[in-house]
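Please open the structure in your viewer and keep the sequence beside it. The tour goes from one selection to the next, and each stop says what to select and what is there.

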Amino acid sequence: MTHPMQAQNPRRETITLPPPMSGPAREIIVLRFGTPGARPKAYLQAGLHADEFPGMLALHDLVPRLAEAESEGRIAGEIVVVPICNPVGLSQEVHGALRGRYETAGGENFNRGWPDLADGVAERVAGRLGEDADANVAIIRQAMGDLLSTMPRETEITALRHALMTLAHDADYVLDLHADSEAEVHLYIGTPLWPDAADLAREVGARAVLLEEVSGGNPFDEACSGPWWSLARRFPAYPVPAACLSTTVELRSNNQVDETLGRKDAAALLSFLVRRGVVQGETGPLPELLCDATPLDGMQQLTAPVAGLILYRVKLGEQVREGQVVAEIVDPLGATTPVLAVTNGVLFARLEQRFAWEGRIIGKIAGADPLASRVGTTLLPA
Ligand SMILES: [Zn+2]
């Protein structure tokens with residue numbers, strides 16, 4: 001008895017990066033589901049900051065669920081999954097610890113400075129947009145792809161950036177999975193995408209949703225979504241929708257690799273894909289929304305005024321009031337210095353390492369009111 005040849009599921013593609021100065025060339029493994037070019041398209045990656053692990057586990061657990069859906073013919077659109085999207089960062093072992101946030105050679109933050117496609121795309125689409133929003137979306141996506149094909153990619157890092165942007169730029173949904181030092185689930189997302197993305201916030205159980213149109217650092221999620229509202233502003237006579245729902249999903253703490261949470265996150269991501277019609281299937285009732293969205297420039301970054309040991313006085317996920325002592329910095333040789341909340345909101349992130357130097361960010365509070373100190377490049381310091 002012969003069996004029909006099984007199509008590979010998922011389809012696996014390898015992108016080989018130019019070799020670094022020393023050592024072998026590194027590879028990005030891309031897993032593909034559904035029909036290339038089918039809509040909606042979803043792109044999910046984890047480990048851009050390579051020392052943030054929960055997203056990798058979530059995607060590891062999502063892949064067999066998608067493979068099952070594919071074998072049952074339930075992938076309506078196209079799905080691209082990259083569980084280890086930054087093999088460069090993942091190779092950066094320094095004195096016994098993985099250092100995956102910054103490139104060790106050049107010092108650049110892997111999730112800052114992504115290309116802003118708006119100018120180049122605007123040049124390419126000028127005079128070509130019309131009354132039909134769908135047609136405009138197709139023209140803009142094509143122009144983004146053309147522009148990306150001209151991007152430099154001679155070095156390992158530029159090739160990495162080029163590869164990930166090329167995979168993601170034309171997706172309807174881009175989920176870039178991160179984590180914070182010690183944190184509750186939270187999202188960073190473009191203001192024009194809210195409240196449309198509330199279903200994602202509900203599914204993943206976000207305790208904070210930080211909104212910003214232009215954060216100043218051009219992270220990956222914004223490089224995918226930002227050009228749409230930038231182009232809408234440049235071409236006000238024509239309909240240009242926010243055609244890419246792109247977000248940074250912070251799945252708790254960097255080192256929180258937990259079997260139960262991994263499965264829960266994978267189920268949440270799959271539910272989102274079903275709700276959005278990327279995968280056909282059933283979902284349960286939409287979970288409760290656990291927080292209001294707040295502006296990124298209302299997010300207090302608590303900084304240590306002096307160096308010392310950190311004693312937190314507030315638990316992760318607790319509401320704090322303006323003027324409340326959130327932490328104390330203890331000089332082992334002397335004084336204790338309080339660190340105060342300057343806004344009301346939820347403390348959604350803390351620093352895992354309990355020693356801070358002067359100016360070190362030791363916590364984040366999602367406040368509703370913009371803070372004067374944060375207007376401008378709200379994502380910095382990185
Ligand atoms: Zn990150």
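Which residues are the protein donors of the zinc ion? Select His-49, Glu-52 and His-178: the donors are ND1 of His-49, two OE atoms of Glu-52 and ND1 of His-178, and they lie 2.0 to 2.5 Å from the zinc ion. A donor here is an N, O or S atom within 2.8 Å of the metal (3.2 Å for Na, K and Ca), and since water is not among the atoms, a site may look incomplete.

Before going on, please note that this is a predicted model, in which local features need pLDDT of at least 70 and side-chain atom pairs count only at pLDDT 80 or more, while totals for chains, interfaces and linings use all residues. Residues are numbered from 1 along each chain as its sequence is written, and side-chain values use heavy atoms, with hydrogens and water left out.

**The zinc site**

Stay at the zinc ion and look at the angles between its donors. The arrangement is irregular because the 4 donor atoms subtend angles of 56 to 144 degrees. Four donors would count as tetrahedral if all angles lay between 85 and 135 degrees; four count as square planar and six as octahedral if opposite donors are over 155 degrees apart and all others between 65 and 115, and anything else is irregular.

Now find the donor residues in the sequence, where their spacing is H-x2-E-x125-H. Glu-52 and His-178 link distant parts of the chain, being 126 residues apart: Glu-52 is in the loop between strand S3 (41-46) and helix H1 (54-71), whereas His-178 is in strand S7 (residues 173-180). Helices (H or I, at least four residues) and strands (E, at least two) are DSSP runs, numbered from the N terminus.

Are these two residues buried or exposed? Glu-52 is buried, with a relative accessible area of 3%, and His-178 is buried too, at 1%. Buried means under 20% relative accessible area, exposed means over 50%, and partly exposed lies in between (1.4 Å probe, protein chains only).

**Strand S7 and its neighbours**

Next, select the whole of S7, where 8 of the 8 residues are buried. Both faces of S7 are covered, with Tyr-173, Leu-175, Leu-177 and Ala-179 on one side and Val-174, Asp-176, His-178 and Asp-180 on the other.

Then add the strands that pair with S7; two strands pair if DSSP finds at least two bridges between them. S3 and S7 pair in the parallel sense over 5 bridges, and in this pairing Leu-44 stands opposite Leu-175 in S7. S7 is also joined by 7 bridges to strand S11 (residues 245-253), again in parallel, and here Asp-176 stands opposite Thr-248 in S11.

While S11 is selected, pick out Arg-252, which has its place in this strand. Its phi is near 70 degrees, a positive value in a residue other than glycine, and at 9% relative accessibility Arg-252 counts as buried.

**Backbone details in other places**

Move to Asn-218, in the loop between strand S10 (208-211) and helix H7 (220-234). Asn-218 also has a positive phi, near 45 degrees, and it is buried, with a relative accessible area of 16%.

Where are cis peptide bonds to be found? One runs from Asn-9 to Pro-10, with omega near -5 degrees, and Pro-10 is in the segment before strand S1 (11-16). Another joins Trp-194 and Pro-195, with omega about 10 degrees, and Pro-195 is in the loop between strand S9 (186-189) and helix H6 (198-204).

**An open sheet**

For the last stop, select the open sheet of 4 strands, which has the order S17-S16-S14-S19 and antiparallel pairing. Its edge strands are S17 (336-340) and S19 (355-356), each of which pairs on one side only. Inside the sheet, 4 bridges join strand S14 (residues 308-312) to strand S16 (residues 325-330), and the bridge partner of Leu-311 in S16 is Glu-328.

Finish at Thr-336, which is in S17 and counts as partly exposed at 43% relative accessibility. Thr-336 and Gly-308 are 28 residues apart in sequence, and in space they are 8.6 Å apart, C-alpha to C-alpha.
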